[in-house]
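Trainee: I am new to this structure and would like to go through it slowly, one question at a time. Could we begin with it in view?

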Amino acid sequence: MSSYTQKKLKTATLVAKADDYLDTTTGGITPPIITSTTYARDDRYNPINEANLYTRDNNPSFVQAEHVLAELEQGEAALLFSSGMAAIACVFYTLGSGSHVVLPNSMYWGVYSWTRSYCDRADIRISYYDANDAESIAQAMEGAARTDLVWVETPTNPMMQVTDIARAVAIGHEAGATVVVDNTTPTPIFTQPLELGADLVVHSATKSLNGHSDVLIGALVTKETDERWDKIVAERHGAGALPGPFDAWLLLRGMRTLSLRVERAAKNAQKIAEFLQTHSQVEAVLYPGLKSHPGHKIAKEQMLGGFGSLMSFQVVGDRDAALQMAGRLNLIVSATSLGGVETLIEHRHSVEPPETNVPVNLLRLAVGIEHIDDLIDDLSQALR
Ligand code: PLP
């Protein structure tokens with residue numbers, strides 16, 4: 001780990017330095033990609049390097065990115081996974097049958113649908129709370145002898161509901177539950193859930209952490225390297241949902257510009273939200289940076305200097321009006337995902353199954369780092 005860590009560097013410096021790497025053999029300041037899956041033992045059968053046995057446990061190319069993530073989230077340790085969903089699944093795999101979990105009623109569809117099917121098979125009971133109202137977590141716990149896990153995603157994707165993390169932690173911990181926060185959308189630049197008391201943070205590092213839409217990767221960060229973390233480490237080792245070393249290296253490289261990218265994208269998002277809010281063809285704008293957003297006050301308290309790059313808006317009209325608007329865009333690409341340097345738009349109702357609560361006229365905008373004038377010109381011509 002870096003010699004600078006004791007000095008509590010600012011996040012922009014932490015990511016730019018990327019664990020302060022210096023190759024002692026070559027003097028190189030960027031790390032090599034270690035492709036070896038296995039590591040030799042010496043004549044006494046001891047590993048030549050204690051840290052490296054087999055890549056399903058560790059690979060130097062993961063470890064550096066894991067250090068940076070742990071520092072960024074102010075946790076004791078981090079682990080990389082082959083996707084955000086693999087990281088999320090790992091948390092659920094460590095729960096025993098008969099467990100009770102409390103999840104938000106609005107969240108990234110992939111987590112919502114996977115947990116429904118997995119928990120059903122694994123005999124884990126789910127109760128839902130209102131993502132706008134952390135107090136409703138207590139109601140969701142009523143009737144359960146014990147609650148094992150409380151899940152928070154804030155702002156939620158794509159409905160942009162804001163949950164008070166500190167309150168979720170207080171309610172969850174009072175019941176003895178582990179509190180997990182999916183910090184994909186805000187990134188640790190804008191929200192630090194472990195500082196607010198959460199136990200674990202999960203990331204789809206595919207999104208803003210990598211930032212270039214060219215690697216599928218996930219991560220977990222823990223506040224403490226306790227028994228719960230040991231189970232997660234064992235589960236990752238056992239099930240083996242790890243990234244490749246090149247993916248980990250791409251993530252590390254992407255994270256070096258994290259603060260610049262997310263700050264620029266959040267500024268763009270704020271300006272776009274303000275523009276859309278006054279447009280006659282827009283029915284509603286869902287972005288916590290707007291004073292009119294119901295979660296603005298809480299977001300302002302728990303988000304540090306920006307409200308993120310994700311937003312949604314509802315056009316005036318129906319499903320066709322939304323799809324036609326998206327189709328008229330020239331610069332902004334219609335595609336799934338978020339957190340890349342390029343702005344993407346998606347009609348979420350089309351990709352979530354029929355029981356989704358996402359309105360038919362909603363478009364999700366994952367704002368990138370292009371010049372704001374070009375983005376507003378494109379949106380403006382498409383909203384005609
Ligand atoms: N969490 C959130 C908030 C997401 O938006 C996504 C993907 O869009 C995931 C988790 C899943 O991540 P991945 O696609 O890397 O598996």
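Mentor: Before the first question, a definition will help: axes are lines fitted to C-alpha atoms, for helices over the stretch in contact, and angles run from 0 to 180 degrees between N-to-C directions. Please keep in mind throughout that this is a predicted model.

Trainee: At what angle do helix H10 and helix H14 pack?

Mentor: Helix H10 covers residues 258-277 and helix H14 covers residues 372-382, and their axes lie 10 Å apart. H10 passes H14 in a right-handed crossing. The angle at which H10 and H14 pack is about 35°.

Trainee: How many residues of the contact of H10 with H14 are charged?

Mentor: On the H10 side the contact is made by Asn268, Lys271, Ile272 and Phe275, which meet Ile372, Leu375, Ile376, Leu379 and Ser380 in H14. Lys counts as charged, whereas Asn and Ser count as polar. The residues of this contact divide into six nonpolar and two polar, and the number that are charged is one.

Trainee: Which hand does the crossing of H3 and H4 have?

Mentor: Helix H3 (residues 84-93) and helix H4 (residues 109-121) have axes that come within 11 Å and cross at roughly 35°. Residues of H3, among them Ile88 and Phe92, meet residues of H4 that include Trp114 and Tyr118, and the contact divides into nine nonpolar, two polar and no charged residues. As for its hand, the crossing of H3 and H4 is right-handed.

Trainee: Which three residues supply the most of the area that domain 1 buries against domain 2?

Mentor: The protein is divided into domain 1 (11-255) and domain 2 (259-383), and their centres, taken over C-alpha atoms, are separated by 26 Å. The contact takes 34 residues from domain 1 and 37 residues from domain 2. Between them the two domains bury about 2800 Å², with 62% of it on carbon and sulfur atoms. Of the area that domain 1 buries against domain 2, 28% comes from three residues, more than from any other three: Trp109, Met160 and Phe190.

Trainee: How many salt bridges are counted between domain 1 and domain 2?

Mentor: A salt bridge here needs a side-chain nitrogen of Lys or Arg within 4 Å of a carboxyl oxygen of Asp or Glu. Between domain 1 and domain 2, the count of such pairs is zero.

Trainee: Which residue does a cis peptide bond join to Pro155?

Mentor: Pro155 is found in the loop between strand E4 (149-153) and helix H6 (165-174). Pro158 also lies in the loop between E4 and H6, and a cis peptide bond joins Pro158 to Asn157, with omega about 5°. For Pro155, the cis peptide bond has an omega of about -10°, and the residue joined to Pro155 is Thr154.

Terms used
Residues numbered from 1 in each chain as written. Predicted model: local features only at pLDDT ≥ 70, side-chain atom pairs only at ≥ 80, totals over all residues. Heavy atoms only, no water. Helix = DSSP H or I, 4+ residues; strand = E, 2+ residues; numbered from the N terminus. Left-handed = near helix turned anticlockwise from the far one by under 90°. Contact = heavy atoms within 4.5 Å. Domains from an automatic or database assignment. Buried area = accessible area lost by both parts, 1.4 Å probe.
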